[in-house]
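Colleague: Got a minute to go through this model with me? I'd like to start with the aromatics.

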Amino acid sequence: MNDAPLHPPAEPSRRDVLAGMAGVAALVLAPAGVAASSGGVSPLLQASSRLTGIALDASYLELADTVWSMLTPTYGAPVLQKLVQAVNAAPPDRPLKDVLAEQGLLPAAQALTTTWYTGAVDGGKTVPFYDDALMWRACAFTKPPANCGGQFGYWEQAWEPGASGPAPTSKT
């Protein structure tokens, strides 16, 4: 027996109204430092993708805001904005390192890249997102400690190069 009404109500349900309010709140509270560009991915994510060599899509917006917040006290928003603009405007035929060094932005670029890969700032004193750091994507054979690598017993399967999951240890 189906208890659903034969005709849906003409006005929005309480659930529809609450979902709409939550969506508006999310838009209002979106991080200002990583505001999305017309291309759909923020300029910070575009620059970070180029610096790290790993494509960072809109699913990284929250982490990008964390990175921005953690580096702003050290480098300041104007320097970080200049860095993002310089990376995104750099010609593809010139080494990015040279372009950034000429503008005095190399230390900020190195800090940004290090933060993305390690999830840490201040030389490792503050670690806001260790489990989501890019090092785990770059090294597909390992995973963050205490994170499951698969279903129970996954470790019994032979590891294949290029596959995700931990690499086997040597039996010598």
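**Aromatics and two helix residues**

Modeller: Y60, W116 and F129 form one aromatic cluster. Keep in mind that this is a predicted model.

Colleague: How many aromatic pairs does the structure hold?

Modeller: Three. One is Y60 with W116, an edge-to-face pair with 6.1 Å centre to centre and 70° between the planes. The pair links distant parts of the chain, 56 residues apart. Y60 sits in the loop between helix 2 and helix 3, and W116 is in helix 6.

Colleague: Are Y60 and W116 buried or exposed?

Modeller: Both Y60 and W116 are buried. Another pair is Y130 with W136. Their ring centres are 5.5 Å apart and the planes meet at 80°, so this pair is edge-to-face.

Colleague: And why does W136 count as buried?

Modeller: Because its relative accessibility is 16%, and the cut-off for buried is under 20%. Y130 is partly exposed, at 35%.

Colleague: New topic. Where does V84 lie?

Modeller: In helix 4, residues 77–89. V84 is buried, with 7% relative accessibility.

Colleague: What is V84 in contact with, leaving aside neighbours within four places in sequence?

Modeller: P43, L44, A47 and W68. Also, the C-alpha atoms of V84 and S48 are 8.1 Å apart, with their positions 36 residues apart along the chain.

Colleague: What about S49, which helix is that in?

Modeller: Helix 2, residues 43–52. S49 is buried at 18% relative accessible area. Beyond neighbours within four places in sequence, S49 is in contact with I54, A55 and L56.

Technical notes:
Residues are numbered from 1 along each chain as its sequence is written. This is a predicted model: local features need pLDDT of at least 70, side-chain atom pairs count only at pLDDT 80 or more; totals for chains, interfaces and linings use all residues. Side-chain values use heavy atoms; hydrogens and water are left out. Helices (H or I, at least four residues) and strands (E, at least two) are DSSP runs, numbered from the N terminus. Buried means under 20% relative accessible area, exposed over 50%, partly exposed in between (1.4 Å probe, protein chains only). Contact means heavy atoms within 4.5 Å. Rings of Phe, Tyr and Trp (its six-membered ring) pair if their centres lie within 6.5 Å; planes under 30 degrees apart count as stacked, over 60 as edge-to-face and the rest as tilted.
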